[in-house]
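Work through the exercises below with the sequence and the coordinates side by side. Each task is followed by a solution that goes step by step.

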Amino acid sequence: MIKVENLQKTFGSHKVLNGINVVVQPQEVVVVIGPSGSGKSTFLRCINLLETITDGHVLIEEVDITDKSSNINKVREEVGMVFQHFNLFPHKTVMENITLAPLKVRGIPEQQARSKGMELLKKVGLEDKAEAYPDSLSGGQKQRVAIARALAMEPKIMLFDEPTSALDPEMVGEVLEVIKQLAREGMTMVVVTHEMGFAREVGDRVIFMDGGLIIEENKPREIFENPQHERTKAFLSKVL
Amino acid sequence: MDFRFDMIIEYSPYLIKGTLLTIGLSLAGILIGTVLGLFIGLGKMQRRRLLAWPFVWYITFFRGTPLFVQILLIHFGVVPMLIGQTNGIVATIIALSLNAAAYIAEIFRAGIQSIDRGQMEAARSLGMTHVQAMRYVILPQAFKRMIPPLGNEFIVLIKESSLAAIVATPEIMYWGRVMAGKYYRVWEPYLTAAIIYLILTISLSFLLNILERRLKTE
Ligand SMILES: Nc1ncnc2c1ncn2[C@@H]1O[C@H](COP(=O)(O)OP(=O)(O)O)[C@@H](O)[C@H]1O
Ligand SMILES: [Mg+2]
C-alpha cells in the first residue's frame, strides 16, 4: 500500500530524515513514536508530499509520487491527513468543511455530498453540528470534524499527526475512539502519537524513530515489553 | 469675519462637477488599483525569485517616490507617449491606479501570508490544487482581514486625488484654486473643499464599517 525507500529530507543544511525504509500493508495500522524533533511529522508529510522529498522514493499503491510525471493531487485524494491543530476552515460551516473537497475536487453533486457528509458526521457523533462554525466547537469536536472531512474524500490511507496532542485530556478519548473504529473497519493508517496505550491497543506495528532514522520496529507487545535498543528503552522509560 | 457664502453658491455648479469627478477618479483608481494590486501581490509572492523581481521593484518604485512626482511624470511623459497629447484625467487615473496598486499589493500579500500555513496544507491534503486552495480557502479568509487596511488605502486615495489639480484636472481642488485665484480669498474655497473631502471619506468609512460588521457576523 505504502512503500518508502531510503527517504531523505534536508531543510537547508539540516538533515531531518536519514534514509527511512517502511512498507505498510493494506489494512495495517502503523503507529510511529519517538522524541520530539525526531522527524515523525516530516516523515508523515513526505508521504503526501506536503514536504518536497530530497532523496529516495515513496510509492502509494505502486505509484511513485516522487516521480515528476505522477499527478500529486490525484495521489492526495487517496491519502487523508489529520493534523495536530485540526486546520479546519474557519469561514465554513462543519458541513461545508466536509463537502468542499468532494464538491470541488471530485465534482460530485451537492445533494450527494451533503448526505455523505451527514453520514460521516453521524459516524463521528456530531450530526447536530452540521451547521455550526468550527470556532464554536471544542477541540475534540474539531478533531472529529477534521477526521470526517478527510474521510469524505474516501481515502484509501489515513495519516494522523499527533491527533490528540493539542486536546485537553478529557477529550482525548473521544478522538481515539473514532480512530479505533476506523481501524476496526480496516482502514490503512499511519498514526504518529504519544498515546502509548492507544499504540498498544490499536497498532499492528510500532515504529520508533529517533534522529531521522527508524531505530526499531516491531509488534506493540514486543516493543513495549522487550525493546532491543538502548535509545528505545530510554525513550520508553520516559513516557511509560 | 465675513464669510462669503455667495462665492460658494456662485461656484457650486463647478464644485458639484468637481466632486463627481473626484468620486470618479477615486473609484477608477480603487478598481484598477485593486485588480492590479492583486496581480502584483501574487507576482511578488512567487517562489521563483527572478520572476518576483519586477514586482518587487514596481512596489519599491511606487511606494518610494512621491505621488506628486509620479503624476507629473505620467502627465507630461507617459500619457503623451501613449496618446500623442496630454490629458489630465487619463494621467490622474493612471497615476492613482499604479500608485494604489503598489500599496494594495502589499495589503494582499500581508493578508494572504497572515493565514495560517495549516490552511493551505489541509486544503492540499484533500487533493485541491494550489489555485483551488487559494480560491476557496485562503482568499476568502484573507479578504476579511484586508478590509480595514484596504479601506485606509481607499481613503488615502480619495485625498491624494486632489494632487490632480496641478495638472489641471477639474476636480474639487482645481475649482477651489480657481475660486481662490479669482477672489483672493482663502477660507471659502479651501474650507469648502476640506468639507467635501471630509464628507466623502466619512461616507466611505461608514460603508466599510457596515461591510466589516456584516462579514464578521457571517
Ligand atoms: N519547515 C522546516 N524548516 C526547517 N526545519 C524544519 C522544518 N520542519 C521541521 N524542521 C526540523 O526538522 C526536525 C524534525 O521535525 P519534525 O518532523 O516536526 O519532528 P517531530 O514531528 O518528530 O517532532 C526538527 O529539528 C525541526 O526543527
Ligand atoms: Mg511532530
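**Exercise 1. Find the residue with which Arg45(A) forms a salt bridge inside chain A, and then follow the shared partners outward.**

Solution. In this predicted model, Arg45(A) pairs with Glu51(A), and the closest N and O atoms of the two are 2.9 Å apart. Both Arg45(A) and Glu51(A) are buried. The next step leads across to the other chain, where the side chain of Arg45(A) also meets that of Glu121(B) in a salt bridge, at 2.7 Å from N to O. Following the shared partners, one arrives at a single network made up of Arg45(A), Glu51(A), Arg117(B) and Glu121(B).

**Exercise 2. Describe the interface between chain B and chain A: how many residues are in contact, and which elements of chain B supply them?**

Solution. Begin with the contacts, which involve 19 residues of chain B and 23 residues of chain A. The two chains bury about 1800 Å² between them, with 60% of this area on carbon and sulfur atoms. Of the area that chain B buries against chain A, 34% comes from Ser125(B), Leu126(B) and Tyr136(B), more than from any other three residues. Turning to specific interactions, the count between the chains is 1 salt bridge, together with 6 residue pairs in polar contact. On the side of chain B that touches chain A, helix 5 (117-125) and helix 6 (130-160) of chain B each supply at least two residues, and helix 5 of chain B gives the most, with 8 residues. Sorted by class, that side of chain B has 7 nonpolar, 7 polar and 5 charged residues.

**Exercise 3. Explain why the salt bridge between Glu28(A) and Arg205(A) ties together parts that are far apart in sequence, and decide whether each partner is buried or exposed.**

Solution. The closest N and O atoms of Glu28(A) and Arg205(A) are 2.9 Å apart. Glu28(A) lies in the loop between strand 2 (14-24) and strand 3 of chain A, whereas Arg205(A) lies in strand 9 (residues 205-210) of chain A, so the pair joins parts that are 177 residues apart in sequence. To classify the partners, apply the cut-off of under 20% relative accessible area for a buried residue. Glu28(A), at 12% relative accessibility, counts as buried, and Arg205(A), at 15%, counts as buried too.

Arg205(A) has a further role in the picture, since leaving aside neighbours within four places in sequence, Val30(A) is in contact with Val24(A), Met189(A), Val190(A), Val191(A), Arg205(A) and Ile207(A). Val30(A) lies in strand 3 (residues 29-33) of chain A and is buried, with a relative accessible area of 1%.

**Exercise 4. State how many residues the largest nonpolar core has, and which of them have the most contacts inside it.**

Solution. The largest nonpolar core has 80 residues, and those with the most contacts inside it are Leu7(A), Phe43(A), Ile60(A) and Met128(B). Helix 6 of chain B gives the most to this core, with 13 residues. Taking Phe43(A) as an example, and leaving aside its neighbours within four places in sequence, its contacts include Val4(A), Leu7(A), Leu17(A) and Met209(A). As a last step, note a second, separate core of 48 residues, which includes Val29(A), Val94(A), Val175(A) and Val202(A).

Conventions. Residues are numbered from 1 along each chain as its sequence is written. Chains are lettered from A and ligands numbered from 1 in the order in which they are written. This is a predicted model: local features need pLDDT of at least 70, side-chain atom pairs count only at pLDDT 80 or more; totals for chains, interfaces and linings use all residues. Side-chain values use heavy atoms; hydrogens and water are left out. Contact means heavy atoms within 4.5 Å. Buried area is the accessible area (1.4 Å probe) that two parts lose on being put together, summed over both. A salt bridge is a side-chain nitrogen of Lys or Arg within 4 Å of a carboxyl oxygen of Asp or Glu. A polar contact is a pair of N or O atoms within 3.5 Å; within protein, one must be able to donate a hydrogen and the other to accept it, and residues adjacent in sequence count only if both atoms are side-chain atoms. Helices (H or I, at least four residues) and strands (E, at least two) are DSSP runs, numbered from the N terminus. Ala, Val, Leu, Ile, Met, Phe, Trp, Tyr, Cys and Pro count as nonpolar, Asp, Glu, Lys and Arg as charged, and the others, Gly among them, as polar. A nonpolar core is a set of buried Ala, Val, Leu, Ile, Met, Phe, Trp, Tyr and Cys residues joined through side-chain atoms within 4.5 Å. Buried means under 20% relative accessible area, exposed over 50%, partly exposed in between (1.4 Å probe, protein chains only).
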